[in-house]
Amino acid sequence: MRHVRALFSLGLVALLFGMLPAAAPRALAQSAGCKSFAQTGYTICGQFLAYWESRGGLAQQGYPISGEITAVNPLDGKTYTQQIFERAVLEKHPENAPPYDTLLMQLGTLRYKQKYPQGAPGQTPAAGGQWFGQTGHRIGGQFLTYWQQHGGLAQQGYPISDEFTEVSELDGKPYKVQYFERAVFEYHPENAAPNAVLLSQLGTFHARTLPPGTVQAAAPPAPVAAKASFQKGLNFVSWYAGGYASAAADQALAQLAATGANTLAVVVTGYQDTIGSTSIRLDSPRTPTDADLAHVIATAHRLGLRVLLKPHVDLANDPGHWRGQIGQAFSGEGQWQAWFASYRDFIGHYAALAQQNGADLLCVGTELVGTSAREADWRAVISTVRSKYQGQLTYAANWGDDVVSIRWWDAVDYIGVDAYYPLTGKTGPTVDEIARAWVDRGYVGTLEGLAGRFGKQIILTEIGYGSVAGTNRAPYDWQAGGTLDLQEQANAYQAAFAVFWGKPWLAGMYWWSWDADPNTGGAGDKTYTPHNKPAEQVLKSYYSGGGR
C-alpha cells in the first residue's frame, strides 16, 4: 500500500438498455469460434470476434451488450447484421472483401447530429496538434496521442468537432470531450495515464434509442467459481520484531484461515533512512525477525495455508515521501549501483529464508516505482533471487504507470498489482456503480491486456479499502480519514469480487490487510482490515462459498 497520500446484476444490464423489454427472439445464428462474457451475459462470435480481438478488444469496444441483431443504420437507411458493444456497434458488410467486411458504425457522427444539430457550443480548437482539412478540425494534446496510439483514422475516424465541455449522461459530471466519426474522447484528469483519455459509451447510448424488443435481455449467467488453485489471500501484517511469533498472532492467523482463505502474504519490512539513501537495514525494531518469519510460515502451513513472502522497503526518517520515490534524489550511477547492491543483499536474504522455510511464493519487490524502469538492474535482482529460491516469483507493482511500463514481467512467474485504483469519485456508491467503474475507467481492460501481452497470469498482490465514507475514491490514501462507513467498504469488496472472480487471467487476490493482533477490527474500526465487519462476510461468501 502506498504510505503517502461481475458478475453484474441484471438490474445494471437493464439500466444500460434504458429498460428495454424482452421480445420475441431476433438473434441471428452464430458461427463457430465464440467468446462469452459473464459481465453482461452476451457472446461474440465469428468475424465480429475476430474484429473485436484484433482492434483493441475490451478497452476500445467494451463488453457486448447485445447478441447479433438485424437493424437499420439511420445514417444510410440500410439494414445490416449488427452487434452492439458498450462503446461501438459492429456491422457486417458482405459486399466488401475482408478485412473490410466488418465495419464500425459511425456512432460519433450519429450522436453528434442528434445532440447538436446546430453544432456543439463552446468549441475551442486544440493548440498545435494535427489539422484535418477533410472536416476542418484539429486534434491536439492527449487526445492526439490517444488517437494515434489507438487505431487513428481506421478506428476513430476524422474529428467532427473541436474540444468542448459536455456533461456525462453516465455520472453527471462535466468533461472535456472531442467528437470523432466513430468515437467520443473524454478527458479524465482524475485518472493516471494511460487512462486519462477514455471513450464515451456510445454503444450504450445507442441501445437506448432502439425500438423496444430490438435487444433481447441476456440470460442470467451461471455462477463461476474460482479454480481450486486460485490464491484466495490476505496480507498478514506485523510492524515490530516478535509480532509474528506470539500466541496472539497464532490466534489471528487461525481467524484468517476461518475466512476460507487458502493463502496469505506475510509482510516483512526493511528500512532505509530517506529516498536518497543507498543502504537498506534489517535491524530495526519494526522489522520482524527471521525467527518470526520461520514461525509464521510453519504455523500457516499447519493450518493448510500457502505462504507468499512479501518483503517491503520503507523510509525510517523521511516524512512526506514514500517508497515509490526511492531513487529520485540519486545524483549519479554510483548511487544507483550502491542501492541495487544493497537491495540484492536485502531480497537475497529473504529468498534464502523463503527457500529454507518452504515459502510457496516470493515477491521480489513492492511498489518501487522510482526504480522499476531500470530493466537490467531488476533482471539482475531476479537472477540473484532465483539462485537462492526455487519457487514462483512475482513483483507487486503500484497501480497506474508502474504496472504498464515495466518491461521485465517475463522474468517473473506472475504479474503482481497493488490495485488501489480510484473508482467512482462518489461517497456511498452502490455495488453496481463501483463495479462499473472498474470497467469504465479501463482498469480491467488494461490488466487483461497486460496478461495477454506477456502470457502471464495476474495476482492482485494488494487490494483493499478503509472503513470510511468515500474509501473507493482514493483507496491508496490510508491517511485520508473520514467518517466511519462499514457498508462502503463491504460494497467495494463485493464489487471487486463481482468484477474479478473467475477471470481466467487472474491467479489470485490478497486483501489488505489482516493484523497479527486478533483484536483489531470491529464495528468502530476505520482501518483497512475486514475483521469483524460486513466486509468479512463478503470475503467469506467468496473464499468459503465460491460467491454462490
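This is a walk through the ring pairs, helix packing and unusual backbone sites of a predicted model. Local features need pLDDT of at least 70, side-chain atom pairs count only at pLDDT 80 or more, and totals for chains, interfaces and linings use all residues. Residues are numbered from 1 along each chain as its sequence is written, and side-chain values use heavy atoms, with hydrogens and water left out.

Start with the aromatic rings. A pair of aromatic rings is described by the distance of the centres and the angle of the planes. Rings of Phe, Tyr and Trp (its six-membered ring) pair if their centres lie within 6.5 Å; planes under 30 degrees apart count as stacked, over 60 as edge-to-face and the rest as tilted. By this rule the count comes to 41 aromatic pairs. One of them joins Phe340 and Trp378, edge-to-face, at 6.0 Å centre to centre and 90° between the planes. This pair links distant parts of the chain, 38 residues apart: Phe340 sits in helix H10 (residues 333-357) and Trp378 in helix H11 (residues 375-388). Helices (H or I, at least four residues) and strands (E, at least two) are DSSP runs, numbered from the N terminus. Phe340 and Trp378 are both buried. Buried means under 20% relative accessible area, exposed over 50%, partly exposed in between (1.4 Å probe, protein chains only).

A second edge-to-face pair is Phe497 with Tyr543, at 5.9 Å centre to centre and 80° between the planes. Phe497 belongs to helix H15 (residues 486-500) and Tyr543 to helix H16 (residues 534-543), so the pair ties together parts 46 residues apart in sequence. Phe497 is buried, because its relative accessible area is 0%. Tyr543 is buried too, with a relative accessible area of 2%.

Ring pairs also build a cluster. Its members include Phe340 and Trp378, along with Trp336, Tyr343, Tyr395 and Trp408.

Charges meet rings as well. A charge sits over a ring if NZ of Lys or CZ of Arg is within 6 Å of the ring centre and within 35 degrees of the ring normal. Lys92 lies over the face of Phe48, 5.2 Å from the ring centre. Lys176 does so over Phe143, at 5.6 Å from the ring centre.

Return to H15 for helix packing. The axes of helix H13 (residues 431-440) and H15 come within 8 Å and cross at roughly 50°. Axes are lines fitted to C-alpha atoms, for helices over the stretch in contact, and angles run from 0 to 180 degrees between N-to-C directions. H13 is therefore oblique to H15: angles under 35 degrees count as roughly parallel, over 145 as roughly antiparallel, 65 to 115 as roughly perpendicular and the rest as oblique. On the H13 side, the contact (heavy atoms within 4.5 Å) is made by Val431, Ile434, Ala435 and Trp438. Among the H15 partners are Asn491, Ala495 and Phe500.

Helix H7 (residues 202-209) is mostly covered, with six of its eight residues buried. Phe205 and His206 are among them.

Now the backbone. A cis peptide bond joins Pro98 and Pro99, with omega about 5°. Pro99 is in the loop between strand S5 (89-92) and strand S6 (102-104). Another cis peptide bond joins Trp512 and Ser513, with omega about 0°. Ser513 lies in strand S20 (residues 506-515).

Positive phi appears at Glu367, near 55°, in a residue other than glycine. Glu367 lies in the loop between strand S16 (361-366) and H11. Its relative accessibility is 0%, so Glu367 counts as buried. Asn532 has phi near 60°, also positive and not in a glycine. Asn532 is in the loop between S20 and H16. At 51% relative accessibility, Asn532 counts as exposed.
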